[in-house]
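Please open the structure in a viewer and keep the sequence beside it. The tour proceeds by selection, one stop after another.

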Amino acid sequence: HDKSRWYQSVPKFQVYNNALLTAFHRTSYGKVRTDPMMWGRWVESAVGVHLMSKAEEEGYGVYYWRERNDEVDYIVDLDGELTAIEVKSGKRGTNKGLPLFAGKFHPCRALVVGTDGLPLEEFFRADMMDILSLPASTPK
């Protein structure tokens with residue numbers, strides 16, 4: 001696969017600790033929780049923090065893919081085996097980015113974490129290597 005396409009994407013700002021994202025925010029948790037856009041950013045960031053916190057220890061890379069308006073939240077590369085991860089935190093719906101990425105880069109698996117997918121609680125409790133060894137799947 002051609003990683004150069006990943007690096008051509010606009011870089012994604014990702015903190016290593018969600019406290020850095022929330023510390024200077026002057027909005028209460030209750031207000032954030034009821035704002036779908038803001039809650040979505042916080043949940044997506046929490047998933048990214050979780051992935052990145054284990055990356056060096058487990059020996060995988062974490063990337064982001066975007067092409068025009070299509071994107072995949074996280075691409076995990078473990079020894080050349082790709083896992084595409086889309087984070088959903090609310091409204092049900094489809095994301096064209098996952099199937100487009102799959103068509104171009106043929107990841108071993110594509111996961112939705114959150115709404116309509118692997119529940120967030122299970123994702124955060126699971127061992128990352130277990131998640132990265134789930135049976136191969138392709139996005140619909």
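Select β3 (81-88) and β4 (109-114). These two strands run parallel and are joined by 6 bridges. The model under view is a predicted one. Within the pair, select A84 and A110: the residue A110 in β4 is the bridge partner of A84.

Next, extend the selection to the whole sheet. In what order do its strands lie? The order is β1-β2-β3-β4, in an open sheet of 4 strands with mixed pairing. In general, the strands of a sheet pair through backbone hydrogen bonds, either parallel or antiparallel. Colour β1 (61-67) and β4 as the edge strands, since each of them pairs on one side only. Viewed along the sheet, neighbouring strands are turned against each other by 30 degrees on average, with direction ignored.

Now add the helices that pack on the sheet. Select α4, which touches β1, β2, β3 and β4; the direction of α4 makes about 20 degrees with that of β2. Then select helix α5, residues 97-105. Helix α5 also packs on the sheet and touches β1, β2, β3 and β4, while its direction makes about 50 degrees with that of β2.

The following stop is the interior. Show the side chains of V47, L51, Y60, I85, F123 and M128, the residues with the most contacts inside the largest nonpolar core, which has 21 residues. Which elements each supply at least two residues of this core? They are α4 (36-58), β2 (70-78), β3, β4, α6 (120-125) and α7 (128-131). The greatest contribution comes from α4, with 7 residues.

Centre the view on F123. Leaving aside residues up to four places away in sequence, F123 touches V47, H50, L51, V113, L118, M128 and I131.

A second core, separate from the largest, has 10 residues, among them A84, F101, F105 and A110. A84 and A110 are thus met again here, having appeared earlier as bridge partners.

Finally, display the entire protein. It contains 7 helices and 4 strands, and along the sequence they follow the pattern α-α-α-α-β-β-β-α-β-α-α. Of its 140 residues, 42% count as buried. Among contacts with a separation of 6 or more, 62% are between residues 24 or more positions apart. Switch to a surface view to end the tour: the protein exposes about 8,500 Å², of which carbon and sulfur atoms supply 53%.

Terms used
Residues are numbered from 1 along each chain as its sequence is written. This is a predicted model: local features need pLDDT of at least 70, side-chain atom pairs count only at pLDDT 80 or more; totals for chains, interfaces and linings use all residues. Side-chain values use heavy atoms; hydrogens and water are left out. Buried means under 20% relative accessible area, exposed over 50%, partly exposed in between (1.4 Å probe, protein chains only). Contact means heavy atoms within 4.5 Å. Accessible areas come from the Shrake-Rupley method with a 1.4 Å probe; for residues, only the protein chains shown count as cover. A nonpolar core is a set of buried Ala, Val, Leu, Ile, Met, Phe, Trp, Tyr and Cys residues joined through side-chain atoms within 4.5 Å. Two strands pair if DSSP finds at least two bridges between them. Axes are lines fitted to C-alpha atoms, for helices over the stretch in contact, and angles run from 0 to 180 degrees between N-to-C directions.
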